[in-house]
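Here are my comments on the model you sent round. Please read them with the structure open.

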Amino acid sequence: MRFPGQRKSKHYFPVEARQPINPQSAPVKAPVRTHICGVEQTLVDIEAKVDEQFIARHNLVKGNSLLIDDEAAHRLYSELKEHNLISAEHAGGTIGNTLHNYSTLADGRSVMFGVMSENIQVGGYAYRYLCNTSSRVDLNQLQAVDGPIGRCFTLISGCGERTFAISKGAMDKLKPEAIDKALVQEGSALVVSAYLMRSGGDPISEAAMQAIEYANAANVPVVLTLGTRFLIESDPQFWRDFITQHVSVLAMNEEEAEALTGEKHPLKACEQTLQWCDLILCTAGPEGLYMAGYTDQQNARETTHDLQSNGVADYNRFEFSRPMRQADCEQPLKVYSHISPYMGGPEKIHNTNGAGDGALSALLHDIAANTFHAENLPASVKHNFPCLCYSSFSQICKYANRVSYEVLNQHSPRLSRGLPEREDSLEEAYWER
C-alpha cells in the first residue's frame with residue numbers, strides 16, 4: 001500500500017518515533033494486506049451535445065432530470081450513437097468513483113458489491129463500465145443480472161443548459177445474499193451512499209443494510225456519502241437517526257450539510273453533525289473543504305498555524321491531532337480544520353462531478369493506511385491509542401484537497417493515475433506548510 005500524500009511534517013508520518021522491535025523475538029512475516037468495501041449502484045455516465053428538438057423528441061424537459069425506462073433509454077442511446085453525438089462515456093456512480101480513486105491512490109484493493117449485466121457486448125454500457133474501472137477494484141463479487149446496468153444521460157443544449165435522463169436498468173437488483181460477510185468484516189471501511197436507502201422497493205436497500213450490519217458488528221467504520229440535498233431535505237430527521245445508529249464517518253457538501261442541519265455555514269453544520277457521528281468531511285466549493293471530528297484531550301496536538309475563528313472560535317487549534325471515535329476518548333475534544341482550494345483551484349474547471357468523491361477517496365486511503373500500519377507495525381507509537389486515521393486532520397485536509405483539484409482539472413470523475421511522489425511545480429511548499 002502507498003501511504004497517503006506527502007510526508008514532510010512530523011505530525012504526519014513520525015517513522016523515527018517507532019518503538020524498537022527485538023529482531024530475534026519478532027519473526028519476519030509477509031505484510032498483512034488490507035482493503036475497503038463499497039455497495040454501488042453500477043451505472044455509466046453518457047454526455048452528449050444535442051439540440052432542443054432532440055430533447056423534445058424524446059419527451060424530456062430541458063434543464064430537468066427525469067427517470068426513463070429501458071426502452072426509452074435504448075432509443076435515446078441509439079440515436080446518439082447513430083449521429084455521433086456522444087462526447088464522453090465513462091463509468092460513474094459515487095461509490096464506484098470513490099473505490100476506483102481509492103485503488104488508484106493507494107495502489108490497493110477495494111471490493112465492490114453491485115450488479116453487472118450477465119451478457120456483455122463490446123462497446124456496450126457494461127463494457128464501458130469495466131474498461132473504466134481500476135484493475136485494483138475487485139469486481140468478483142458483482143451479482144449477474146439479466147438486463148442493462150444504470151445509465152445517466154447528460155444532454156447539453158447549445159446554450160449550455162444540461163438535461164438529465166436516468167435509466168435505472170437493473171442497478172438496484174443487488175440481493176442481500178450477495179454481500180460477503182467476511183470481506184466486509186475484514187475490511188478497513190465500508191462506504192455506502194444515501195441513494196441506496198431510497199431504491200423504491202428494490203433489494204439493494206436491504207443489501208446495503210446487510211453490509212452495514214456486518215460492518216457495525218465488527219467495529220468496521222461505516223462511511224456514508226450524502227447524495228444530493230433534495231434527498232436529504234425530504235426527511236432530515238430520518239437521516240439524523242440513520243447516521244446516529246449506523247455511521248462513523250460522514251461525507252457531504254455544504255448544501256447537503258444545510259439540508260441535514262439547517263445551518264448554512266459549513267463549519268457550524270459540521271459542529272452540529274458531530275452529535276451524530278465521529279468524523280466529517282465537508283466540501284464547500286470555492287471555499288475549499290472542512291473536516292471535523294474528535295480526539296482525546298490527552299492526545300491533542302496544537303497547530304503551529306495562526307488560529308482562525310469563523311462560526312467556531314479558534315476552530316483549528318488542535319488540527320494537528322489525529323481523528324478518533326468519540327467512544328474511544330476519555331475526554332472527547334472536538335477538532336476542526338479547513339483548507340482553501342489547492343492553488344486557488346484550476347484555471348478552468350473541466351468537471352465538477354466527482355470532486356467530492358475524490359476527496360472522500362483520499363480520506364479512505366488514510367483510514368486504510370492506519371489499519372495497514374497497525375497490522376504490520378503494531379508496536380509503533382502511532383498505535384498507543386486507537387485512531388480512525390493515520391494522519392492529522394490538517395494533513396488529511398491537504399491530501400483530500402489535492403485529489404479534488406486533480407479531479408476538477410480533468411473531464412472524468414475518475415483518476416487515471418495517482419498523485420506524483422513529488423510535485424513537479426514549486427507548489428511543493430504546499431505540503432510543508
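The points below go from the whole chain to one sheet and then to one pocket.

1. This is a predicted model. The protein chain has 433 residues, and 55% of them are buried. Its secondary structure consists of 13 helices and 16 strands.

2. Contacts reach far along the sequence. Take those in the protein chain between residues at least 6 apart: 77% join residues at least 24 apart. The chain exposes about 18,900 Å², with 46% of that supplied by carbon and sulfur atoms.

3. Look next at the open sheet. It is built from 9 strands with mixed pairing, in the order 7-5-1-11-12-13-14-15-16. Strand 7 (137-138) and strand 16 (332-339) are the edges, each pairing on one side only.

4. At one of those edges, strand 16 runs antiparallel to strand 15 (residues 289-296), and 8 bridges join the two. L289 stands opposite I339 of strand 16. Helix 9 (residues 254-261) packs on the sheet, where it touches strand 13 (249-253) and strand 14 (279-283). The directions of helix 9 and strand 13 make an angle of about 115°.

5. Which residues lie nearest the centre of the second largest pocket? They are N119, Q121, G124, Y125 and P148, out of a lining of 21 residues. The space in this pocket comes to about 390 Å³.

6. Two helices deserve a look here. Helix 2 (70-82) and helix 4 (125-131) each supply at least two residues of the lining of the second largest pocket. Helix 2 gives the largest share, 5 residues.

Terms used:
Residues are numbered from 1 along each chain as its sequence is written. This is a predicted model: local features need pLDDT of at least 70, side-chain atom pairs count only at pLDDT 80 or more; totals for chains, interfaces and linings use all residues. Side-chain values use heavy atoms; hydrogens and water are left out. Helices (H or I, at least four residues) and strands (E, at least two) are DSSP runs, numbered from the N terminus. Buried means under 20% relative accessible area, exposed over 50%, partly exposed in between (1.4 Å probe, protein chains only). Contact means heavy atoms within 4.5 Å. Accessible areas come from the Shrake-Rupley method with a 1.4 Å probe; for residues, only the protein chains shown count as cover. Two strands pair if DSSP finds at least two bridges between them. Axes are lines fitted to C-alpha atoms, for helices over the stretch in contact, and angles run from 0 to 180 degrees between N-to-C directions. On a 1 Å grid over the protein atoms alone, a cavity is a set of points where a 1.4 Å probe fits but cannot get out, and a pocket is an open set with protein on both sides within 12 Å along at least five of seven lines; lining residues have an atom within 4 Å of a point. Grid points are joined across faces, edges and corners, and a volume is the space filled by probe spheres set on the points.
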